[in-house]
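Trainee: Could you walk me through reading salt bridges in a model like this one? I would also like to know how confidence comes into it.

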Amino acid sequence: MGRRVIMSRAYYEALIARIEDLEDTRITREAIENRDLRDYLPIGLVERMLDGEHPIRIWRERRDFAPEYLAAKAGLSLRSLMLSRPAGRLVQSPRSQRSRSRSI
């Protein structure tokens, strides 16, 4: 038969909280080690976005995606991609917008 240990409820709860904290720390460290830095924006790009520059342009620049690459990835011709952006505004169908967003 197993051995038993007697402890106060407060000690038990503190022990459980410590175990949970250690698990959270381990998960956080793994996430930091395995992160893709391309998923984060430097402050300069964030400021440009806050100043009104379109997020797609910012992310395209961040990931070094040429318009030709995005058009191919979204299943659009380069011409239709460019025509859908008069004056920097998107006037595409929702389906095209979703394709374009997924390609980034």
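Mentor: We will start with confidence and then go through the salt bridges.

Trainee: Gladly. What is the mean pLDDT of the protein?

Mentor: This is a predicted model, so confidence comes before geometry, and pLDDT is the predictor's confidence in each residue. Here the mean over the protein is 81, with 74% of the residues reaching 70 or more.

Trainee: Which elements have the lowest and the highest mean pLDDT?

Mentor: Helix 6, residues 94-103, has the lowest mean at 64. The highest, 93, belongs to helix 1, which covers residues 9-33.

Trainee: Good to know. Now the charged pairs: how many salt bridges does a search of the whole structure find?

Mentor: The search finds five. The idea is to look for a side-chain nitrogen of Lys or Arg within 4 Å of a carboxyl oxygen of Asp or Glu. Let us begin with Glu 23, which pairs with Arg 26; their closest N and O atoms are 2.4 Å apart.

Trainee: Where do Glu 23 and Arg 26 sit relative to each other?

Mentor: Both are in helix 1, and they are three residues apart, so about one helical turn separates them. Glu 23 is partly exposed at 37% relative accessible area, and Arg 26 is also partly exposed, at 37%.

Trainee: Which other side chain does Arg 26 meet in a salt bridge?

Mentor: Arg 26 also meets Glu 30, with an N to O distance of 2.6 Å. These two are four residues apart in helix 1, so again the separation is about one helical turn. For Glu 30, the relative accessibility is 37%, which counts as partly exposed.

Trainee: And which salt bridge links distant parts of the chain?

Mentor: Look at Glu 61 and Arg 48, whose side chains meet at 2.8 Å, N to O. Glu 61 lies in helix 3 (residues 55-62) and Arg 48 in helix 2 (residues 43-50), so the bridge joins distant parts of the chain, 13 residues apart. Glu 61 is partly exposed, having a relative accessible area of 39%, and Arg 48 is partly exposed as well, with 26%.

Trainee: Finally, which residues are joined into one network by salt bridges that share partners?

Mentor: That network is made of Glu 23, Arg 26 and Glu 30. To see how it is built, recall that Arg 26 bridges to Glu 23 and also to Glu 30.

Technical notes:
Residues are numbered from 1 along each chain as its sequence is written. This is a predicted model: local features need pLDDT of at least 70, side-chain atom pairs count only at pLDDT 80 or more; totals for chains, interfaces and linings use all residues. Side-chain values use heavy atoms; hydrogens and water are left out. pLDDT is the predictor's confidence in each residue, from 0 to 100. Buried means under 20% relative accessible area, exposed over 50%, partly exposed in between (1.4 Å probe, protein chains only).
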